[in-house]
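Colleague: I have a few questions about this model before I set anything up. Could you take me through the contacts, starting with the aromatic rings?

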Amino acid sequence: MKYFSQLMLFALAIVVLLGLQYQYWWGENGRFAHNELLTEIDTQQRLNGSQLAENDLLRTDVNDLKNGLEAVEEHARLDLGLIKPNETFVQVSTAPSLQSQ
């Protein structure tokens, strides 16, 4: 009877240990889930870094548009084709030309 109770206590300890190991490796907040979250965090931080760079560029552009007329004039020339009075518009073609000989 003495050995039986020790064997039952040992078996219970093994079951508890296996249950804890299961929770550690495969549980809801287990080790594998933790590694997946770390991978997702790393991916999101890289995406955030690229978005921060784009935001800085846009912020600089907005600041230029608010503070100076040069940026407004540059946008008007490039996007809208602004030509001031007494200016001559010249368009240079970069297409290869075919000349007959």
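Modeller: Let me fix the term before the count: rings of Phe, Tyr and Trp (its six-membered ring) pair if their centres lie within 6.5 Å, and planes under 30 degrees apart count as stacked, over 60 as edge-to-face and the rest as tilted. Please also keep in mind that this is a predicted model, where local features need pLDDT of at least 70, side-chain atom pairs count only at pLDDT 80 or more, and totals for chains, interfaces and linings use all residues. Residues are numbered from 1 along each chain as its sequence is written, and side-chain values use heavy atoms, with hydrogens and water left out.

Colleague: Fine, so how many aromatic pairs does the search find?

Modeller: Searching the whole structure gives 4 aromatic pairs. One of them joins Y24 and W25, whose arrangement is edge-to-face, at 4.9 Å centre to centre and with 85 degrees between the planes. The rings of W26 and F32 make a tilted pair, because their centres are 6.1 Å apart and their planes stand at 45 degrees.

Colleague: And which residues form the aromatic cluster?

Modeller: One cluster is formed by Y22, Y24, W25, W26 and F32.

Colleague: Is W26 buried or exposed?

Modeller: Taking buried as under 20% relative accessible area, exposed as over 50% and partly exposed as in between (1.4 Å probe, protein chains only), W26 counts as exposed at 54%. Its partner F32 is partly exposed at 40%, while Y24 at 42% and W25 at 33% are each partly exposed as well.

Colleague: Switching to charges, how many salt bridges are there?

Modeller: The whole structure has 5 salt bridges, where the term means a side-chain nitrogen of Lys or Arg within 4 Å of a carboxyl oxygen of Asp or Glu. One of them links D56 and R59 at 2.8 Å, N to O, and both residues lie in helix α2, 3 residues apart, which is about one turn of the helix. D56 is partly exposed at 43%, whereas R59 counts as exposed at 53%.

Colleague: What does R77 pair with?

Modeller: R77 meets E73 in a salt bridge at 3.2 Å, N to O, and these two both lie in helix α3, 4 residues apart, again about one turn. R77 also meets E87, at 2.8 Å, N to O. E87 lies in the segment after α3 and R77 in helix α3, so that pair ties together parts 10 residues apart in sequence. Through shared partners, salt bridges join E73, R77, K84 and E87 into one network.

Colleague: How accessible are R77, E73 and E87?

Modeller: They are partly exposed, with relative accessible areas of 30% for R77, 28% for E73 and 34% for E87.

Colleague: Last topic: at what angle do the axes of α2 and α3 cross?

Modeller: Helices here are DSSP runs (H or I, at least four residues; strands are E, at least two), numbered from the N terminus, and axes are lines fitted to C-alpha atoms, for helices over the stretch in contact, with angles running from 0 to 180 degrees between N-to-C directions. The axes of α2 (residues 31–67) and α3 (residues 69–80) come within 5 Å and cross at roughly 110 degrees. That makes α2 roughly perpendicular to α3, the class for 65 to 115 degrees, with under 35 counting as roughly parallel, over 145 as roughly antiparallel and the rest as oblique.

Colleague: Which residues meet there?

Modeller: With contact meaning heavy atoms within 4.5 Å, D61, D64, L65 and N67 in α2 meet L69, A71, V72 and H75 in α3.
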